[in-house]
Amino acid sequence: METPRIEIDLGKISYNANKLKGLYGSRGISIMGVTKVVCGDPKVAETLVRSGLNILADSRLSNIKRMQDAGIRARFVLLRSPALSQVESVVKHVDISLNSELVVIEELSKYALQNNIRHKIILMVELGDLREGIIPEVLLDTVKKVKKMKGIVIAGIGTNLTCYGGVAPDSEKMRTLSALARDIEDIFNLELEFISGGNSANYLWFVSSENLERINNLRIGESIFLGCETVEGKPIPLLFTDAFILVAEVIEVKDKPLKSYGTINQDAFGNTPEFADTKTMRRAILNIGLQDVILSDLKPSINIGALGGSSDHMIVEDFDQVLKVGDEVMFTLNYEALLRVMTSSSVIKNYNQVKEKQYIQSFYH
Ligand SMILES: *Cc1c(COP(=O)(O)O)cnc(C)c1O
């Protein structure tokens, strides 16, 4: 099969989604499946829905439309605050949006009324990570104003941590969010459907806390796709961490000097390379490049070391001197690599579906 390509194991994704739904669900926490890292890939989205995640969340309207156009049936949540210029489309395409600006909610209200829709929103609360969110001190006042807006339903509150400031979603943060939820419900006689405590970074809080307070929802992407939590970056027990494998192909193998020779100028990206040594080494070139992925975000399955790359080439040292032209080299990916590769139109997407039973056997034997 042609390269470069990404092997997408829908069976492993399904397994992870199922396990996480069961784990969080066992203590009253529902999860939204976050599809942004796969750009709303319809086959992956379909897999999540089949695995029991009936709410899909994405940061981009274009990804949500892609899933809807492919016939995916789910409730759709827009994670990134709607831009003022797109509120009309948001009201038409999205069931629930995450919001932190009154002017935006006012516009949502206007278009919801025009289209005879009741648009649900989750109000995002700033708890220190400093990406999106309403300052807690003005949350009650915001709720009061939003309650008066026709066509808008406050479906819940949420927070997002570990995305910008590296702030962990610990029990203190979850207690704060829960207390705010309690205040809103008491003061405004509202019932909040979602008290959404965060993302894949909430795993360690979840497994180490006896009291989950009022948190009843998480928005999970990375744990489903890469099998890890995101505070310490560790694998979650029993989940697959290799549902996605990038495959590139060797297009040149030669013994070449370590040091480039001639008058040394800037490389294609304006850096002046410096080379220390004069010995030769076994070098290979792979057909993947910076247009597709940041090369240091890839982890090879064999003993090679990345020397560098350009738009379309990855140059590696072949320590064991085993590679030949035409060989396939496999890599696991981190979140950023997965995002870029799924976005790259020049990386072929190849879907595999292995039955879940076979995985259970391979786990226990
Ligand atoms: C991306 C995102 C998530 C999911 O994050 P993961 O680390 O992939 O679980 C959740 N909520 C918001 C608001 C996001 O932008």
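A polar contact here is a pair of N or O atoms within 3.5 Å. Keep in mind that this is a predicted model.

**Exercise 1. Find out which side chains make polar contacts with the ligand.**

Step 1: Start with the shell. The ligand is surrounded by 13 residues, and Lys36, Ser200, Arg219, Gly221 and Glu222 are the closest.

Step 2: Check the distances. Lysine 36 has a side-chain N or O atom 2.7 Å from an oxygen atom of the ligand. Serine 200 puts a polar side-chain atom 2.6 Å from a ligand oxygen atom. For asparagine 160, a polar side-chain atom sits 3.3 Å from a nitrogen atom of the ligand.

Step 3: See how well the ligand is covered. On its own the ligand has 390 Å² of accessible area, and the protein covers 95% of that.

**Exercise 2. Sort the ligand's shell by residue type.**

Split the shell into classes and you get five charged, four polar and four nonpolar residues.

**Exercise 3. Work out whether the partners in two salt bridges are buried or exposed.**

Step 1: Take glutamate 7 and arginine 5, a salt bridge whose closest N and O atoms are 2.6 Å apart. Buried means under 20% relative accessible area. Glutamate 7 comes in at 16%, so it is buried. Arginine 5 is at 7%, so it counts as buried too.

Step 2: Now try aspartate 327 and lysine 324, with closest N and O atoms 3.1 Å apart in their salt bridge. Aspartate 327 is buried because its relative accessibility is 18%. Exposed means over 50%, and lysine 324, at 53%, is therefore exposed.

Step 3: Look for a network. Salt bridges link Arg5, Glu7 and Glu328.

Methods. Residues are numbered from 1 along each chain as its sequence is written. This is a predicted model: local features need pLDDT of at least 70, side-chain atom pairs count only at pLDDT 80 or more; totals for chains, interfaces and linings use all residues. Side-chain values use heavy atoms; hydrogens and water are left out. A residue is near a molecule or strand if one of its heavy atoms lies within 4 Å of it. A polar contact is a pair of N or O atoms within 3.5 Å; within protein, one must be able to donate a hydrogen and the other to accept it, and residues adjacent in sequence count only if both atoms are side-chain atoms. Accessible areas come from the Shrake-Rupley method with a 1.4 Å probe; for residues, only the protein chains shown count as cover. Ala, Val, Leu, Ile, Met, Phe, Trp, Tyr, Cys and Pro count as nonpolar, Asp, Glu, Lys and Arg as charged, and the others, Gly among them, as polar. A salt bridge is a side-chain nitrogen of Lys or Arg within 4 Å of a carboxyl oxygen of Asp or Glu. Buried means under 20% relative accessible area, exposed over 50%, partly exposed in between (1.4 Å probe, protein chains only).
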